[in-house]
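Some terms used for a protein model only make sense once their cut-offs are set beside the values. The exchange below does this for one model.

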Amino acid sequence: METPRTELNELGEFGLIERIKTASTLRNTTSLRGIGDDAAVIKKDEKNVFLVSTDTLAEGIHFDLTYVPLKHLGYKAVVVNLSDIVAMNGTPEQITVALACSNRFSVEAIEELYQGILLACDHYNVDLVGGDTTTSRAGLILSITALGTAEADKVVYRSGARTNDIVCVSGDLGGAYMGLQVLEREKQSFLANPEMQPELEGLDYIVQRQLKPEARVDMVKELATLGILPTSMIDISDGLASEILHLCSSSGKGAELFEDKFPIDQMTYETAREFDLDPLTVMMNGGEDYELLFTIKQEDFEKIKNHPSINPIGYMKEAAAGVNLITKAGNSFPIKAQGWKHF
Ligand SMILES: [Mg+2]
């Protein structure tokens, strides 16, 4: 009898994670939280926990070396991992780096990659404490594990949002995606005519959002300074739509988000228009902004209402209300995830 075969794209990335989660059991009392949040939570002592998260970047899937300089790739690979520690309201402290590459890369090229990794370590006050290097036949693969710490009672999970909590997002959305569109366009014109110089002038902000994003470590500190402990939090790696759905399903809640409250940079907006893309779709599904999506209690609203980089965008609702977007015209639409599907 033939073994049944399920295609990975039928299951999707999140379906696969769910399957692995169901099949695994936590045996040690120190494993406080396993699969299912931005980082795992491990007991350190009575008052503190360790946070652990791993992310892998694969050439041709997550990055294209025709326009991503290796130094930027190294920097970004660290940032996306630190962002997951930050999303638990923690402080990143160490990373390990596993690298698989072919002899297509020179020692100098790999050194350039590490320069980016070390630059990020320096910027975020994080130590590179180990890793592994191996051979790959299918391009460059970079897997980073980030470790961090938090006070046990300050860890913020995806699951803590309550009805009527205010949904907030840090910074602005969609920039990284529009930066990618610009870089893709330049790649195509370069392939058509290698003599062409890239036209990136005036687009620094969005190109930077794509090539050199930052983890919002500053926001964790800012929230503490404001005396706010978010009720739930997640980082925006796949796009607002996908992340609000994760947050709602983990918390067993619904939500109502208002389009007119969504933060967008002027350059992101104009570039989206130029590319004939809907700025709303870019904000909802663009991804890779590495901003934070979090919920706070109503009573904390006064503390953030005039904050320049904390934007209240909606409310948590009962699960039965669903997860909806209220457009500028006042219409309500259920939010669907259209984030990256890797398989
Ligand atoms: Mg995350």
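The questions that follow take up helices, burial and the core.

Q: How are residues numbered, and what limits apply to a predicted model?
A: Residues are numbered from 1 along each chain as its sequence is written. This is a predicted model, in which local features need pLDDT of at least 70 and side-chain atom pairs count only at pLDDT 80 or more, while totals for chains, interfaces and linings use all residues.

Q: Why is α2 called largely enclosed by the rest of the structure?
A: A residue is buried if 20 or more other C-beta atoms lie within 10 Å of its own, exposed if 12 or fewer, and partly exposed in between, with C-beta atoms placed from the backbone. By that count 16 of the 17 residues of α2 are buried, so the helix is largely enclosed, whereas among the 16 residues of α1 the number buried is zero.

Q: What makes α1 fall short of a straight helix?
A: The expected span is 1.5 Å times one less than the number of residues. For the 16 residues of α1 (residues 8-23) this gives 22 Å, but its end C-alpha atoms are only 17 Å apart. α1 also bends by about 70° at F14, the bend being the angle between axes fitted to the seven residues ending there and the seven starting there.

Q: How do you know that the largest nonpolar core lies between two domains?
A: Such a core is a set of buried Ala, Val, Leu, Ile, Met, Phe, Trp, Tyr and Cys residues joined through C-beta atoms within 7 Å. The largest has 84 residues, and domain 1 (11-20 + 28-154) and domain 2 (158-334), whose bounds come from an automatic or database domain assignment, both give residues to this core, so it lies between them.

Note on methods. Helices (H or I, at least four residues) and strands (E, at least two) are DSSP runs, numbered from the N terminus.
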